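I opened this notebook to record what I looked up, one place at a time. The entries follow the order in which I went through the coordinates.

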Amino acid sequence: MSDRPGKIVCVGRNYREHAKELGNAVPTQPLLFLKPSSAIIRSGDAIVSPGLSNQVEHEGEIGVVIGAPIRRATEAQALAAIRGIVALNDVTARDIQKSDPQWTRGKGFDTFCPIGPEWVGVPDFDRVEVVTRVNGVVRQRGSGAEMVFSVPVLLAYISQVMTLEPGDIVATGTPAGVGPLVPGDVVEVEVVGYSTVSNPVVAES
Ligand code: ZN
């Protein structure tokens, strides 16, 4: 089996303070988009800042890994289908995200989805914390308890549209504090006690 997930489903504006910092309303239903699995890199690999963008930003997130197929699931069925969690950085070219009506380009560059090693199990998501550091300085901090839509609600909602399959990853949204990444930086997303992904940022050559 490939070590690449079939798909990465992402959730936008799932923390109130982050929605506000970008001038957006808090959504009344989950806001979904996809990130291509070709964007995945592992801890230690470089994030390549593309020449097409002047505003690359970090978004530290809790990534949920699916273990069993679910379609039109209840929240209980969704929770039971989780295999594990990963630290995930939803790297975003903010300028391109804002200029395009769809987010595919701004979210989809190669290297824009660093993920950490998978922790296998189902944690108490309300107690799971995610911290993002750039060059050792904390930029973002949040917990599952602050999510607008909880993990089981998100998975059940997604599964009304598409089957979630083993290995698929759901990126559950980012807390406030998103900010720039420039060549020379090292960015680390830590899902505290579970998974960490750390990546240097380099310029496109
Ligand atoms: Zn995100």
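**Zinc site**

In this predicted model, I looked up the zinc ion and found that its protein donors are Glu59 (OE), Glu61 (OE) and Asp90 (OD), which lie 2.0 to 2.1 Å from the ion. Written along the sequence, the spacing of these donor residues is E-x1-E-x28-D. Glu59 sits in the loop between strand 5 and strand 6 (60-66), while Asp90 sits in the loop between strand 7 (82-89) and strand 8 (92-93), so the pair ties together parts that are 31 residues apart in sequence. I then checked accessibility, and both Glu59 and Asp90 are buried.

**Gln140**

I next turned to Gln140, which has its place in strand 12. Is Gln140 buried or exposed? Its relative accessibility is 1%, and because buried means under 20%, Gln140 counts as buried. I looked for polar partners and noted a polar contact of 2.8 Å between the side chains of Gln140 and Thr174, as well as a distance of 2.7 Å from a polar atom of the Gln140 side chain to the backbone oxygen of Pro175. With neighbours within four places in sequence left aside, I listed the contacts of Gln140, and among them are the zinc donor Glu59, its neighbours His58 and Gly60, and the run Val130, Val131 and Thr132. Gln140 is also in contact with Ala176, Gly177 and Val178.

**Ser53**

I went on to Ser53, which I located in the loop between strand 4 (47-49) and strand 5 (56-58). Ser53 has a relative accessible area of 6% and is therefore buried. A polar contact of 2.7 Å joins its side chain to that of Asp95. Not counting residues up to four places away in sequence, Ser53 touches Ala93, Asp95 and Ile96.

**Second largest pocket**

I then looked up the second largest pocket, whose volume is about 200 Å³. It is lined by 17 residues, and those closest to its centre are Arg13, Leu22, Asn24, Gln97 and Trp103. Which elements supply at least two residues each of this lining? I noted strand 1 (8-12) and helix 3 (94-99), and the largest share, three residues, comes from helix 3. Sorted by class, the lining has four nonpolar, six polar and seven charged residues.

**Two positive phi values**

Arg13, which I had met among the residues closest to the centre of that pocket, has a phi near 55°, a positive value in a residue other than glycine. I placed Arg13 in the loop between strand 1 and helix 1 (16-21), and at 25% relative accessibility Arg13 counts as partly exposed. I made a similar note for Asn135, where phi is near 50° and again positive in a residue other than glycine. Asn135 is in the loop between strand 11 (129-134) and strand 12 (137-143), and its relative accessibility of 46% makes it partly exposed.

**Helix 5**

I checked how far helix 5 (residues 151-159) is covered, and found that seven of its nine residues are buried. The buried residues are Val151, Pro152, Leu154, Leu155, Ala156, Ile158 and Ser159. I followed what these buried residues pack against, and the list consists of strand 1, strand 2 (31-35), strand 6, helix 2 (75-80), strand 7 and strand 13 (169-171).

**Pro117 and Val122**

Last, I looked at two loop residues. Pro117 lies in the loop between strand 9 (113-115) and strand 10 (119-120), and its 51% relative accessibility means that it counts as exposed. Not counting residues up to four places away in sequence, Pro117 touches Ile85, Val86, Ser195 and Thr196. I also took the separation of the C-alpha atoms of Pro117 and Val134, which are 17 residues apart along the chain, and it is 19 Å.

Val122 is in the loop between strand 10 and strand 11, and with a relative accessible area of 41% Val122 is partly exposed. How far apart are the C-alpha atoms of Val122 and Arg83? They are separated by 6.8 Å, although the two residues are 39 residues apart along the chain. With neighbours within four places in sequence left aside, I found Val122 in contact with Leu79 and Ile82.

Note on methods: Residues numbered from 1 in each chain as written. Predicted model: local features only at pLDDT ≥ 70, side-chain atom pairs only at ≥ 80, totals over all residues. Heavy atoms only, no water. 1 Å grid on protein atoms, 1.4 Å probe; cavity = no way out; pocket = protein on both sides within 12 Å on 5 of 7 lines; lining within 4 Å. Points joined across faces, edges and corners; volume = space filled by probe spheres on them. Helix = DSSP H or I, 4+ residues; strand = E, 2+ residues; numbered from the N terminus. Nonpolar A, V, L, I, M, F, W, Y, C, P; charged D, E, K, R; others polar. Buried < 20%, exposed > 50% of the residue type's maximum accessible area, 1.4 Å probe, protein only. Contact = heavy atoms within 4.5 Å. Polar contact = N/O pair within 3.5 Å; in protein donor to acceptor, adjacent residues only side chain to side chain. Donors = N, O, S within 2.8 Å, 3.2 Å for Na, K, Ca; no water.
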